[in-house]
Structures are given as C-alpha cells and as structure tokens.
Amino acid sequence: MKNYKSLKQVKLPRVGLILLFYLVFYGFLAALFTFTMWVMLQTLSSDIPKYRDRISSPGLMISPKPDTALEFYFNKSDAQSYAEYVSTLRKFLESYDDSKQSQNINCTPGRIFDQNDVAVKKACRFNLSELGQCSGKEDKTFGYSKGTPCVLVKMNRIIGLKPEGEPRIHCTSKEEGMVEINYFPPEGLIDLMYFPYYGKSLHAHYLQPLVAVQLAINSNSTKEEIAIECKILGSPNLKNEDDRDKFLGRIAFKVQMTE
Amino acid sequence: LLQKKSDVYSVEDLWDKRSRKTDIGDEEEKYKDLKGNKKKRRQKTLRKKWRTFYSLSFSLSFGIQDDHKLSASELEEKYGTSVNKGLSSARAAEILARDGPNSLTPPKATPEIVKFLKQMVGGFSILLWIGAVFSWISFGIQLAQGAESPFDNLYLGVVLALVVILTGIFAYYQEAKSTNIMASFSKMIPQQALVIRDAEKKELPADQLVVGDIVEIKGGDRIPADIRLIFTQGCKVDNSSLTGESEPQSRSCDFTHENPLETRNIAFYSTTCVEGTATGIVINTGDRTVIGRIASLTSGVGNEKTPIAIEIEHFVYLVAGVAISIGVLFFIISVSMRYKILDSIIFLIGIIVANVPEGLLATVTVSLSLTAKRMAKKNCLVKNLEAVETLGSTSIICSDKTGTLTQNRMTVAHLWFDNQIYSADTSEDQTTQPFDQSSPSWTALSKIVTLCNRAEFRPGQENLPIMKRVVVGDASETALLKFAEVILGDVMSIRARNRKVAEIPFNSTNKFQLSIHETDDPNDKRFLLVMKGAPERILERCSTIMINGKEEPLDSEKAEAFQTAYMELGGLGERVLGFCHLYLPEDEFPDTYPFDTDSMNFPTSNLCFVGLLSMIDPPRSTVPDAVSKCRSAGIKVIMVTGDHPITAKAIAKSVGIISATSETVEDIAKRLNIPVEQVNRREATAAVVNGMELKDMSLQQLDEILCNHSEIVFARTSPQQKLIIVEGCQRQGAVVAVTGDGVNDSPALKKADIGIAMGIAGSDAAKNAADMVLLDDNFASIVTGVEEGRLIFDNLKKTIAYTLTKNIAELCPFLIYIIASIPMPIGTITILFIDLGTDIIPSVALAYEKAESDIMNRRPRNKRKDRLVNEQLAVYSYLQIGIMQSVGAFITYFTVYAEQGFLPSTLLGVRVDWENNAINDFEDSYGQQWTKYQRMYLQWTGYTAFFVSITIQQVADLIIRKTRRNSIFQQGLFRNKVIWVGIFSQIGIALILTYGLGHVTALNFTPLRFQYWFVAVPFAILIWVYDEVRKLFIRRYPGSWWDKNMYY
C-alpha cells in the first residue's frame, strides 16, 4: 500500500509535467501553423488565384452526368428510367432561367467581352431558347420520351480564358448510322462573348455557355450501346487531343436506349 | 568390448571433471527455473554441449582404436606398409581415393540460397511483403470491378516487392563481402610433410598423406596427421592447442597409457613438435583425426545473438508495432467512417509504407561495414559485422597473457652484479641499454653472456633491427644473445675472436651450460671457462664472487646478498640465470691442452661468481596504457593464462591489470602476518586464482570471486577452464570478450559474446570459432576496437533518430487524409523515394561522425537499460521533430494548393469528389473547374512540394543529429565532411527527381516552382534552434527532468 502510494506520488507529477510540456509544445506549433497559414493567405488575392498554369485549357463536361461512369441507360417508354436525367437537367438549367438572368446583359455576339477595366463585371445573358428542343420548354422530358435524348455539353470555367477562332462542339459516333446528332445552338457554336471569365467573386452571375446535343437514335438501333465523343473544334488555343487527360476539350459517353 | 569401455571412461576423465560440476549447476538452475524459466534455454544448451562432449569421447576412442598398443611390426601388417620403404605410390593413391585428402572439412556453411532468403524475410521485409500482397489483392479486386486505373496498385505492389528484393540483395552482398575477407584470410600456405614412399624420402603437401604413410618429423614441424610414433629422439610436442597443457610433452615409442589421448607414442594432427625428431605411421587423416572431431564439434555449438542484433530486433519490433497498430487503428477508423474496405486496405498499405524506414537496415549494414573496415585497419578483423558493436558493449575482457599482453619473447629484464640490481630496457624497439656499464664486473659478465651461448642469428639479417632478427636457439639464449648484441655490438665476431675450445651444452641433470674459450687478449694465454645455469647450482660451484672487478671470497654475508637478490628477481616472476667464470692457469692448461667434456678434465668448482641475469616475457609497451583505458571505460580485464601464478601476477601488475595499490588475500595475510583464512576476503580487491583451485570450486564460489574482486588473474588454467570462467562472467550479466589461440579455446570463443582469435599465433579452429581476429595479437588493438564499437553504437542511434523522424512527416499526411478527407498530400511512391533516395547517403554519413566526448571515459552500456532505440529517442523523433517537420510540410502543401486556386477551407472533406474519375468539372475556390487529370497533376505537384519540404527539413534534421548533447558549434559543422556530401546528395537527388524526372508521370513528380523549396526553410531553422535549446538545457541541467526526458 505504501509502495503504491509513493509510486503514485512520484509518477503523477512526472506524467503531468509531460502532458503540460506537450500541451505547450503543440499549442505553440498550432499557433505557429495558424499564423503561417494566415500570412500565406494574406498574400493571396480573393479574386484571382495566384497561378493558373495547371489549367491552361478547359475540360469538357456533360449534364446530366450519370452516377456511374458516363453511360446513359434508359427505356424511352419508362419515365422512371430517365426521371433522374430529366430532373438533373431541370435543376442545372434553373440558373439559366430568364428570371435569374435579370441582371445579365445582352452582349455583342462573336466578340470577346473584355471587362478588364471595369470594376463590376457583368455577365452575358444566355437565352435558354438557344437550346431549342433541348431547352426543356416544349419537351419537359428533354426528348428522352421520344428517343431523342438531349445532353448538355459545357466547357469548364477558367479565369481569363479567351478562346481564339470560332469554338464549337462537334460530336461523332463510332457506330455510323445509328444516331443522328443535332446541335443547339446550331453547329454547336460557343459564342466568344461569354469570355473571359473573371472568377467567382467578381463575376458572380456568370453563366457558362452551353451546347445541347440531341441524339436522334434510330429506331432499329435500340438496345445497342452507342459511343459518342464530343470535341471542341475551331479554336487553336483549346486543346482536345491530350494523351493523358481524356476530358481536355473532349468527352466520351455512351447511350443505350430500350423501348 | 570391455577394453573399449575402459577407454571411454578414461577419455571422459580427460575431458575433465567439469561435466560433474555442470550437473550440479544444472540442478541449481532447475531450482531457479521455479521462479522464472529464463535460464531454461541456457541450461538446455549446456546439457547439449556436454552430451556432445560425451559422444565425442566415445568416438575419439573408437577412432584411434588400439594402435598405440600394437608393436611396429603389427602396425606394418595392419596398414600394409613398411617402416623402411613406406607405401608404394600406387597404394597411397588408392587409399587417398578411398579416404579423401588429409585436410579438415571447413565447417558446414549455411547454403547461400538460405542466407539470401533470410535477407528477404528479415526485418521489415515481412511488413513490406504484406503491403505488396495487399496492393495486388486490391489490384485484383479493382480489375474485377472494372475500375479505371487499377494498375496503380499493381505497380505499387511491384515497387514494394522490388524494394524488399533489392535491399535484400544489398544486405546479402554486404554480408558476402565481409565473409569473403575472412575466407581469403584463412587460406593458409599449404603445409609440407616429409614422407617415405617407394623407399624414398619425399616432400609432399600434407593433404596428400594417407593412412599407413611413414612420416618424419623434426623440431618446429607441425604434426601433419595423427601419428603412431615408431622411432623418436628427444622428441617433445606442444599439445597446448589440443589439451591445453602448456608444457611441452615428451614423446617416445612406448605404450604408456591405456588411453590413446594420454599415451606417449601418439602425436596428434595440428600440434607442433617442439624439439627432437621422430618417425611414425599415419593412423588417422583429415576429419578422422582427433582435432578433426573437435573441430566438427565446435562448429555445432550455436552462436548466441549479438547485442546489436538484439537491439535491431527490438527496434524492428518497435517500429513494426507502431506501424501495425496505427495501420489497424486507422483501418478501423476508416471502415467506421464508411470508407470502402478496398480504400481502407489501400490506406493501410500507405500507413505501413510510411512507417517502415525501408532504407534503414541497409544503412545500418553499411555503417557497420564501414566501421569493420576501419577496425581492420587497426588490426581488428571482424568476421561478423554485428560483432563490431558487441566489442563496444564489452564489459569484461578475458585476455590471454602470452603474446597478447606480452611480447611473446624472453627479454633480459634485470641484472645483479656488484651487489646491486640493475634494470634493463624491455621495450620492443630497444637500441641501447641505459644501466651503468662502467663496472669491470659488467665487462666480465658481458663476456660470459656473449660466450656461454649457443644461439646465433640467422645470416642475412644485418639490416634488420636487432630485436626483429630471427635467432636459432632457445628462448633464454635468444634473449641473452640479443641483449649482448644491443650492448656490445657484433657478438659473432667477439665469439670468433674468443675461439671456443670445448663446450658442455645445458642439460636437465647438470642444470648448467659451460664452455671454454681462448681469450682475445694476445698477451693473455690463459683459457677462460664460462658457465651459466640455475643460480643456486652455479653458486654451489663458486668460492669467490666478483665485486667491482675484484674477486672476493664468497662468505655467508655475500651469499645472503645473493639469496636476497635471487628471491627478489624470482618474486617478479622472472627466470633467473647465474653466471660465473674462471681463468684457467696457463701452466696447468697450456695451449695444446686436450679438453675432454666427457671426463671433464678441467675444474668445475671453486669458480668466481660474477652475476645474475633475469628474463621475462615483457608486456607489450602499449598494453599498460590500453589496460588503463579499459579501466576508465569501465571494462574489467581478467587475465587467463597457463603460466605460473607468480609470473602471471608480476605481468598483471606491470600492465596494470592488478593496480599498484591493490592487494590479494595472500598479500594482506602476509602484511598483517595472519593466516590466509583469517583475512576478510572482501578487503582484497585483487585475486590470483590458480587453475588447481578453480578445479575444486563450485559455481557459487567462482561467482563470488568474479563478483567481489575487481582485479582477477587466473593462472595455470587449462583452455577448458576458460569456458567455465566465460560462463561465470556471463552469469554476472556481462558482455564478455575472450581471446584465444588454441584449438581447445574454440568452445570458449564460441561461448563468449565476442570471441577474439589471434591472427599470428591462432590456430585455424580458433579463428573459425571467433567473431573477430586480432591481426597483430596485441591487446591494445582490442581497446581501439572497443572504442570503434562504442562510437558506432552512438552513431547508429543518430542514424536511426534521423531516419525515424521523417516517418512521422510521411505518416501524418495519411492520417489527415483519412480524417479530414483532403487530397492526398504525399504518395506512397514518393515516400519510397525519400526513404531509399534522398535519405540514404545522409544517414550513412552519420556513421562518420566523431565522438562527442571521450567515449572511453564512460561505463560500458547496460544491455538491459541502454537500448539502441529508447523511449526518449522514439518520442523525441516521432512526437517532436517529426511533428515539426509535418507542420512545415503541410504549410508547403497548403501553399501550393492555395496558390493554384484551392484554399484550405475548400480542401477539407473533398476527397471523394476529388478522386472521382467521372467528375471533370470540379470547382475550386475561385469558381474555376478542373478535370480529374488536372486535379491529379496538381496533387502530384503537392506530392513534390511535400517531398521537397521533408527533404529540406531533413537537412536540418541531419545537422541536429550530429550531436546528442553538445552544441553543433562544439562539434564543428565541417569536421565531418561526409555529412556535407550527404546534404548535397540529398538536395541533388531531390532536384533531379523534381526537374529531371518531373515529366515521368509514373513517378508522380512534377516540376515545382522554385519558391516552394523555401517554404519549409523557416521550419528547418526552427528545428535546428529548438534542438540547440534542448541540448543547452541538457548540458546546463544534468539529471533534471528535461535531461531525463529529452536526452536519447
């Protein structure tokens, strides 16, 4: 009993001292870490990242994006099978609704909309009507019920990116004759007036231009997997042939429709 | 059958009473077992050993059969040979084909493939194999699931396997290299033997001998096989390497003992013939010889683990324990955080890889072999790399006397003439003698020394220093010859000028040597009779004594003075010789007088006594210093010798093994004038134990002696007793180093923690059994070895501390990745590049670090307490410096991400989306969108930045690890140049990886903006400053809480 007591008396301050030491030590390190991070963050601008060399060229992405890999499976007569695609599209296009674009201005088409000298950056209006049959206005199912599903193709936002030439989205299918591809706006053109982008804080209402791709699947090609690849063409400074990055200026997806 | 049985018993007697003693010991140990079964293994090995000794004794007697009882003609018949003609060459070739060459089979080595495989599974390899297997499993699962990039895991598995295999190959290569040094060393010049074959005498290589060969042996030869002698002439053999009897034993043709090992008519393989000649029939060759049987026996005695092996094992367990427990803990955490099992497994691999210092064991091997090289330069050849450190932790050295502590040659130490004792210089490189040589008595004495001496220098050595010249003659005569040569110059010409006319050589009945010479004085036609021999015998023949050149009658007073001097010199353990002379009257002994040594027609009494000379095998001049170094280093030096106790004690005193002030029990008894039994044994610090006493001692009594006396000399001991002494020391918990040269020392050498064989005097068996070979046979070399061993222990600590530190900086990323779900800060491959790339050369460089203080001024490390990797080292490296490094590296990581658009707040919790291959529009803090590949590329930039930060901070870590207590400025930043090689290599490799290989995506490196190299620099400086403060407090407040917790 006596031994136990003395042991306790000896050990407790020792353990306590060690705990105290590490409390102070780690406290100091935490403070140092916080301080250094704060200093580092002070050097950053809140508008523009310091470097953008890792994203010199934009990637392409589609909406709706299936959960699994980029593969669409649906039955055109079963609304349930494409309900998710439709709701995703609807949600995605909400921000393009006219009511949300009241502050956006109509810009001059075909020209880069440079606002470097302007403090308050304006966003250009993107009319949903440009998406034609894929705007979801006439066909609430975006063509899925008719066997002409719509897929929106968009180009990743990159601050300061100014495409050259006449960028347009062009899609091909390996399986010839199975599918007819229509573009909205026509020829899949992306208007230059939507560039450049000035970043989230300066360009809060910015809407990236969209290209809708309507796939009119031949009725005798149902039940078959159709591979589609969309690329950005017509602009020399937008890459679309990178070996490693399969989404740089291009995107591939598959569609399989049943009846 | 009965005959055979009695043989067995007698042989057992020879392998001494120790077996019985061990039985007692076993019983005691059994008793101890009740309390703890720690001793069990030891007891088992002991028993095993003695069982093998028993079986040995049986097989020995069986092997020699009864050849010693047969007559020469019976032997001729048995072996189909002829004493005069020998075997025919054809018959010999037949037997050779049947029996194989007459050489010992080298001890069975472990097959190379087993050695290699051992390297593959030892240490951390198992953990890495597990990592590799997990990688492959997850690759298989991912492949089955059709995931997009399953090959990453395949590659990771391959890389991990490669790491194990490459480090294994490296360790194997290192070991093979050090074994090769040994192998080349043990190759000896082939021995020759003089054989009668086809009725002709032939010189043959000894390994061509076969049973039945007739061989001739003369003094100085090594016996080429077991030989039954059939003709001898004054033959004596030195069996010390076999039985440990230090006195040469005479051999004859007569059957003297039932026991073949005791009978005089057999000479054994590998013993040496000291004098005389002999002819004999070869009765056993190669492994069937007695020595062959012992050699194969000792190779069976298992080696115990070296202290450093235990330390490394301890360290491996510690690190593996940390790795596995953190790995499992986070596996559970990640599973309960609803990560997929597959992901959790991948985390587990990462944690294991981060925790295991892959390069460390290779580094340790390199450091040890560097030290081994350094030691080889200082004449300590290490056979087993790990023995390098064992020497450093040695706490007791059991040293031979002859040759190790002493010069192994008789040298004149004292002279007595004119009633006065003079001491002579006994150092190795004497060129003059300083004592007073003006007295005419000395002139007379020197003449006797010169003339009454049969020893001669071998011709052709005029350019060599006198002490190094080879002499034909016995040890005492050699000593006298060299002594005279040093003082008088050309002895041979003096002898030529004083022509010898008659001579009676020394023999054991006369105990004197006499010669009669003409003198070199042309005016003096008298003959000079000179005589030397045992002092009391010489004095008996004298009636006068020379004092200051004048003959004075030898009265009782002068005889008394002689006695005193004789006793005093004898008490120093020296061999004393008396010298006298007589000028024969010219009238009685004219020029032409026919001296006849058989009838002794000249006076041999009433001579004139001139003086005494005493000789000793003097200590090597470096030894006293080395012994005192051992003392200050807390190492107990025990002398174990076959010599006489007085001589042993004298040498022990002169080298400091027994210090000037300490007394033995006998000394105290003598001083207090009381019987030995009444002396309080605890008062005596020194003890001289006779081998005879040791024989009758119980283990407790031996333990008591080893415990209670700090200065111990064992005299008249046999090599078998050496084993008992070693075991006794080990019972005290000591790390024991033992020196030995004879075959029979092999068990003791094996048993010892570090067996040291003599390179010059040592037998092959001893060298085989030893862990280390002392190339110059010098005790002082052991001490320099100890110093190196201690230094490497310290430096290994530094290396390990250095290596362990960054493991935390590699581990933290995984933990935070799992908990906070940030993008992976560092990749598994990148970690391997640190562990096996940038960190390797710096950690080896620490092996070149000089000692911080005099390491020979502290006690040997305590095996149980002073661990290589102790709590403080692990805690300081892991929880302090390692955490600081992690903080520095994370700052860089966050900086890189923030400057690319991902602010820290955005990064938290993004892991799942970040790693999702299907998400190619991942938004950063500024609204930009990233494809998966763009994110991956950024992630690799993060890896590179993290890697660079760890590297930069490891430079600071390297510098602080140079010392554990002293300030860097005390140690000197530039004294160890190799450290700078390390630093430059570290940075160089990092530069190459980042900028040179930055485009090879498989390696996950990307070119990095230059400023990111400097983000961690303030933290590197902080680490250095913090460590300086730590060391300052340790130096300022020794024994304080800080010292106890912060000093590793």
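This report walks through the disulfides of a predicted model and then visits a few spots in chain B.

## Disulfides at a glance

Let's start with the cysteines. A disulfide is a covalent bond between the sulfur atoms of two cysteines. Searching the whole structure, over all chains, turns up 3 disulfides.

How are the bonded cysteines of chain A paired, if you number them in sequence order? The pattern is 1-2, 3-4, 5-6. Let's take the pairs in turn.

## Cys107(A) and Cys124(A)

Cys107(A) is joined to Cys124(A), with an S to S distance of 1.9 Å. The torsion about their S-S bond is about -105°, so this disulfide is left-handed. Both ends sit in the loop between α2 (79-94) and β3 (150-155) of chain A, so the bond ties together parts that are 17 residues apart in sequence.

Are these cysteines buried or exposed? Cys107(A) has a relative accessibility of 12%, so it counts as buried. Cys124(A) is buried too, with a relative accessible area of 4%. The reasoning is simple: buried means under 20% relative accessible area.

## Cys134(A) and Cys150(A)

Next up is the disulfide between Cys134(A) and Cys150(A), where the S to S distance is 1.8 Å. This link is left-handed, with -70° about the S-S bond. Here the two ends sit in separate elements: Cys134(A) lies in the loop between α2 and β3 of chain A, while Cys150(A) belongs to strand β3, so the pair ties together parts 16 residues apart in sequence.

Cys134(A) has a relative accessible area of 1%, so it is buried. For Cys150(A) the relative accessibility is 1%, and so that residue counts as buried as well.

## Cys171(A) and Cys230(A)

The sulfur atoms of Cys171(A) and Cys230(A) are 1.9 Å apart, and the two residues form a disulfide. Which way does the bond between Cys171(A) and Cys230(A) twist, left-handed or right-handed? The torsion about the S-S bond is about 105°, so the disulfide is right-handed.

This pair links distant parts of the chain. Cys171(A) is in strand β4 (residues 168-173) of chain A and Cys230(A) is in strand β7 (residues 225-233), 59 residues apart. Both Cys171(A) and Cys230(A) are buried.

## Cysteines in chain B

Now for chain B. Why is there no bond between the sulfur of Cys253(B) and the closest cysteine sulfur? That closest sulfur is in Cys235(B), and at 9.2 Å it is too far for a bond; a disulfide needs the sulfur atoms within 2.5 Å.

Cys253(B) is partly exposed, with a relative accessible area of 26%. Cys812(B), on the other hand, counts as buried, at 14% relative accessibility.

## Domains of chain B

The domain assignment splits chain B into domain 1 (72-89 + 190-300), domain 2 (381-406 + 621-777), domain 3 (411-602) and domain 4 (808-1046). If you compare the C-alpha centres of domain 1 and domain 3 of chain B, they lie 39 Å apart.

## A look at Leu415(B)

Finally, have a look at Leu415(B), which is found in strand β10 (residues 411-417) of chain B. Leu415(B) has a relative accessible area of 0%, so it is buried.

What does Leu415(B) touch, leaving aside its neighbours within four places in sequence? Its contacts include Gln420(B), Tyr422(B), Phe435(B), Trp442(B), Phe483(B) and Leu613(B). One of these, Phe435(B), is 20 residues from Leu415(B) along the chain, and their C-alpha atoms are separated by 9.4 Å.

Methods. Residues numbered from 1 in each chain as written. Chains lettered and ligands numbered in written order. Predicted model: local features only at pLDDT ≥ 70, side-chain atom pairs only at ≥ 80, totals over all residues. Heavy atoms only, no water. Helix = DSSP H or I, 4+ residues; strand = E, 2+ residues; numbered from the N terminus. Buried < 20%, exposed > 50% of the residue type's maximum accessible area, 1.4 Å probe, protein only. Domains from an automatic or database assignment. Contact = heavy atoms within 4.5 Å.
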